[in-house]
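Okay, thanks for coming, everyone. I'd like to walk you through one chain today, going from the overall picture to the sheets and then the helices. Have a look at it first.

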Amino acid sequence: MKYIKTFDNGLRLVVNKMDGFVSVSSGILVKTGSYNETAEENGLSHFIEHVMFKGTKRRTAFEISDHIDRIGAQINAFTSKEITCYYTKSTGEHLSESLDVLSDIFFNSEFDEKELEKEKGVIIEEINMSEDTPEELCLDLLAKSYYGDRGLGQTILGPTKNIKRFTRQDVLNYMNKYYTPDNVVIAIAGDVDIKEAENLVGELFADKFKKRKSAKQNKFKTSVIRNLYKSKRIEQSHIGFAMKGFAIDEKINDAFQIANTVLGGGMSSRLFQKIREELGLAYSVYSYSSQYKDNGVLEIYAGVNTEQRDLAVQAIVDEVKKFKKEGITEQEFLRGKEQLKSAFIMGRESTASQMMLYGKYLLYLNKEFDVSERLNLIENTTIDDVFDAISLSFDIENSSTATVGSRRSALKIN
């Protein structure tokens with residue numbers, strides 16, 4: 001059973017009561033992330049996510065963790081390009097306590113300067129870890145190559161120089177702009193009584209917000225085509241290609257996802273079979289798509305031997321060209337469609353997945369996610385729809401590229 005409520009101040013609540021479950025996942029979703037940051041703010045959304053857990057007026061940092069552990073629950077948070085999310089997972093009987101802790105960190109965090117300085121060191125080490133993970137570094141560079149220096153092209157972690165200078169006032173100023181009731185969704189899924197959830201969210205969240213509207217979201221130009229490289233003394237070359245994708249609510253998305261699955265979405269995919277199994281040029285090779293509110297991107301990644309980098313690049317280019325020219329077979333279509341459908345169905349077995357699905361949909365599009373409609377869209381997708389999706393994307397000759405490795409040159413596409 002699904003329930004949506006908009007409180008008088010604009011805060012939205014979505015509840016998915018899942019019969020037969022004993023756990024419940026609760027999340028605070030804030031519509032801001034690295035996409036919404038200026039160059040000077042880049043990394044601030046993620047920084048705030050970290051320092052939210054460093055102590056409140058009621059609890060120390062240890063007491064936040066201890067309280068959650070004592071009720072056998074889990075608490076965590078993440079920052080993405082467009083969303084910052086704080087969430088818990090507990091048994092249904094401990095929903096009120098979990099929400100109380102989430103409310104406490106959200107409204108009562110003190111942001112002590114000493115704690116902020118300590119957390120800067122933690123985040124800088126996270127940045128260092130990312131720099132030492134070539135695959136992650138390559139995909140960050142690929143986003144910059146495709147989207148440019150701002151918006152979706154920025155990293156979530158931000159540059160070290162920004163982290164070092166962020167202050168308590170920076171945190172408060174940013175939260176005043178975007179941590180507003182009209183810019184937040186509370187999502188709850190699992191073993192939950194709808195009326196109880198509404199009352200708890202009203203008391204612990206809706207009544208605590210100050211009456212103000214969110215600042216206007218930043219807008220940045222997208223889709224600039226560039227070829228970037230980063231020199232790094234490592235054994236492999238890590239290569240990436242980025243092409244046009246589709247926004248989160250475009251009807252062509254299901255057909256596009258099926259096409260992506262056939263091209264590079266698993267061990268039976270074209271890229272895996274050609275680049276790894278037949279040619280032996282890569283251990284890891286795959287494609288995936290990212291959907292954002294206003295646009296999307298298709299990305300291909302491979303980690304290859306440096307001496308065979310150009311050979312691998314050409315093999316990938318040839319395979320994608322062939323894919324775009326010839327399309328897919330009926331057997332590939334049916335297999336890809338079944339994979340898409342089963343992934344969606346299996347996601348319904350997780351309260352955390354359902355919490356995020358319904359919460360993001362309401363936050364992005366301000367409407368209820370419809371399971372039946374989604375399954376019907378997948379079922380009614382035809383192979384002709386997939387050919388249409390392929391015709392609109394998979395243009396590797398005009399893709400943005402990125403490479404990380406010891407060779408000091410960008411990729412060349414022939």
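So, the radius of gyration: a compact globule with 414 residues would have a value near 22 Å, and the protein chain has 22 Å, so the two agree. Along the principal axes, the C-alpha atoms fill a box of roughly 60 × 50 × 40 Å. Keep in mind that this is a predicted model. For secondary structure, the protein chain comes to 15 helices and 11 strands.

Let's take the sheet with 6 strands. It's open, the pairing is mixed, and the order is β1-β2-β6-β3-β5-β4. At the edges you find β1, residues 2-6, and β4, residues 74-79, each pairing on one side only. Between neighbouring strands here, the average turn is 15°, direction ignored. If you zoom in on β1, you'll see it joined to β2, residues 12-17, by 5 bridges, and these two run antiparallel. One bridge to look at is Lys 2, whose partner in β2 is Asn 16.

Which helices go with that sheet? Helix α8, residues 194-206, packs on it, touching β1, β2, β3 and β6, and its direction makes about 150° with that of β2. Then there's α13, residues 351-365, which lies across β1, β2, β3, β4, β5 and β6 and runs at about 30° to β3.

Now the other sheet, the one with 5 strands. This is an open sheet as well, with mixed pairing, in the order β7-β11-β8-β10-β9. β7 (227-231) and β9 (282-291) stand at its edges with a single partner strand each, so one side of each has no neighbour in the sheet. The neighbouring strands of this sheet are turned by 15° against each other on average, again ignoring direction. From β7 there are 5 bridges to β11, residues 400-405, and that pair runs parallel. Within it, Lys 230 sits opposite Val 404 of β11.

And what lies across these strands? Helix α5, residues 134-147, lies across β7, β8, β9, β10 and β11, at about 150° to β11. Helix α11, residues 309-326, lies across β8, β10 and β11, and runs at about 25° to β8.

Stay with α11 for a second, as we're moving on to helix pairs. α10, residues 270-278, packs with α11 at about 150°, with the axes 10 Å apart. That angle makes α10 roughly antiparallel to α11, and their crossing is right-handed. On the α10 side you've got Arg 270, Leu 271, Lys 274 and Ile 275, meeting Ala 315, Ile 316, Glu 319 and Phe 323 in α11. By type, the residues of that contact divide into 5 nonpolar, no polar and 3 charged.

The other pair I picked out is α12, residues 330-347, with α14, residues 371-379. Here the packing angle is about 170°, and the axes are 10 Å apart. So α12 is roughly antiparallel to α14, and this crossing is left-handed. From α12, the contact is made by Lys 337, Leu 340, Lys 341, Phe 344 and Ile 345; from α14, by Val 371, Arg 374, Leu 375, Ile 378 and Glu 379. How do they divide by type? It's 6 nonpolar, no polar and 4 charged.

That's what I had, so over to you.

Terms used. Residues numbered from 1 in each chain as written. Predicted model: local features only at pLDDT ≥ 70, side-chain atom pairs only at ≥ 80, totals over all residues. Heavy atoms only, no water. Pairing = 2+ DSSP bridges. Helix = DSSP H or I, 4+ residues; strand = E, 2+ residues; numbered from the N terminus. Axes fitted to C-alpha atoms, helices over the stretch in contact; angles between N-to-C directions. Contact = heavy atoms within 4.5 Å. Parallel < 35°, antiparallel > 145°, perpendicular 65-115°, else oblique. Left-handed = near helix turned anticlockwise from the far one by under 90°. Nonpolar A, V, L, I, M, F, W, Y, C, P; charged D, E, K, R; others polar. Rg over C-alpha atoms; globule rule 2.2 N^0.38 Å.
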